[in-house]
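Me: I would like a close look at one helix in this model and at whatever surrounds it. Could you walk me through that part slowly, and then show me how the rest of the chain fits around it?

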Amino acid sequence: MTDSNGQNDNQDKTAAAADPVVSKPYIMPDDPEPNSVEALTKEAADARDKMLRTLAEMENLRKRTQKEIADGRTYAIANFAREVLDIADSLQRALDAVPADTKAAADPGLKALLEGVELTERSLLNTLEKNGVKKFDPSGEKFDPNFQQAMYEVPDASVPAGTVVQVVQAGYTIGERVLRPALVGVSKGGAKAAPATSE
């Protein structure tokens, strides 16, 4: 019997040696155990961070959308206004076509016609201004390529070089943008314009 008991003991030892011993895996200190206080605290901090980022993105989107809506309202009529400027130019050319001495000596019918054209032009410019379109006349100012387009140079030693001495066509702005630059003649001679000094 001893033999049989000895064989059973050897078989049990061999079977036990063949099965691997499973031990608890090592957990890094940065990776806390699931459902532990550290894990829940880290998860809450991550969720809070994601929430704050989402709120910031939504606030930026709201501001961007408001700016786009405001720009849309301001600049939506730009193409229409640009075409209406041709009408304003035609009215101005009609008034400029009549010499000053003819206006003074005109019969009542011609005077009434000229006054009607002036009134129509003034009304058109007021309507444009109510919608954010403003006329500007840069006569006597330093040439600014952002608002003016130089058509030619005029030799004039009485003014500094680079000064607008003639306006061929008035310019218009809409909001903060140039709708149409002014067409101008710029002085060629004269002293250089004094640079702006900051004190």
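Reply: Happy to! Let's begin with helix H5, whose buried residues are covered by, among others, H3, helix H4 (100–104) and strand E1 (133–136). Please keep in mind that this is a predicted model.

The buried residues in question are Leu-114, Val-117, Glu-121, Leu-124 and Leu-128. Four of these names are easy to expect on a covered face, but do note that Glu-121 is on the list of buried residues of H5 too. In an α-helix there are 3.6 residues to a turn, so residues three or four places apart point the same way. With that in mind, it is worth tracing Leu-114, Val-117, Glu-121, Leu-124 and Leu-128 along H5 on your screen.

As for the geometry of the helix, the 23 residues of H5 should span 33 Å at 1.5 Å a residue, and its end C-alpha atoms lie 32 Å apart, so the two values agree. Just beyond the end of H5 comes Gly-132, which has a positive phi of about 90°.

Not every leucine of this helix is covered. Leu-119 also belongs to helix H5, yet Leu-119 counts as exposed because its relative accessibility is 51%, and the cut-off for exposed is over 50%. A useful distance to check from here runs to Leu-91: the two C-alpha atoms are 10.0 Å apart, while Leu-119 and Leu-91 are separated by 28 residues along the chain.

Leu-91 takes us to H3, where it is one of the buried residues. The others on that helix are Ala-78, Ala-81, Val-84, Leu-85, Ala-88, Asp-89 and Leu-95. H3 is made of 20 residues, and the distance from its first C-alpha to its last is 29 Å, close to the 28 Å expected at 1.5 Å a residue.

Asp-89 deserves a pause. It counts as buried because its relative accessibility is 10%, where buried means under 20%. Its side chain meets that of Arg-180 in a salt bridge, with 2.5 Å from N to O. Arg-180 sits in strand E5 (residues 177–180) and Asp-89 in helix H3, so this pair ties together parts that are 91 residues apart in sequence. Arg-180 is buried as well, at a relative accessible area of 13%.

Asp-89 also leads us to the largest pocket, which holds about 270 Å³ of space. Its lining is formed by 14 residues, and those nearest the centre are Asp-89, Gln-92, Val-168, Gln-169 and Ala-170. Our two helices meet again here: helix H3 (78–97), helix H5 (108–130) and strand E3 (164–169) each give at least two residues to this lining. H3 makes the largest contribution, with five residues. By type, the lining has six nonpolar residues, two polar ones and six charged ones.

For contrast with the Arg-180 pair, let me turn to helix H2 (residues 37–75), which holds both Arg-62 and Glu-59, three residues apart, or about one turn of the helix. These two form a salt bridge with their closest N and O atoms 2.3 Å apart. Both partners are partly exposed: Arg-62 has a relative accessible area of 39%, and Glu-59 has 31%.

Helix H2 has another such pair, Asp-71 and Lys-67, four residues apart and again about one turn of the helix. Here the closest N and O atoms of the salt bridge are 3.0 Å apart. Asp-71 is partly exposed, with a relative accessible area of 25%, whereas Lys-67 is exposed, at 53%. The structure as a whole holds four salt bridges.

Finally, let's step back to the chain. It has five helices and six strands, and from the N terminus on the order is α-α-α-α-α-β-β-β-β-β-β. Of its 199 residues, 19% count as buried. Among contacts with a separation of 6 or more, 64% are between residues 24 or more positions apart. For a return visit, I would start again from H5 and the elements that cover its buried residues, including H3, H4 and E1, and then follow H3 to Asp-89 and its salt bridge with Arg-180.

Terms used
Residues numbered from 1 in each chain as written. Predicted model: local features only at pLDDT ≥ 70, side-chain atom pairs only at ≥ 80, totals over all residues. Heavy atoms only, no water. 1 Å grid on protein atoms, 1.4 Å probe; cavity = no way out; pocket = protein on both sides within 12 Å on 5 of 7 lines; lining within 4 Å. Points joined across faces, edges and corners; volume = space filled by probe spheres on them. Nonpolar A, V, L, I, M, F, W, Y, C, P; charged D, E, K, R; others polar. Expected span 1.5 Å × (residues − 1). Buried < 20%, exposed > 50% of the residue type's maximum accessible area, 1.4 Å probe, protein only. Contact = heavy atoms within 4.5 Å.
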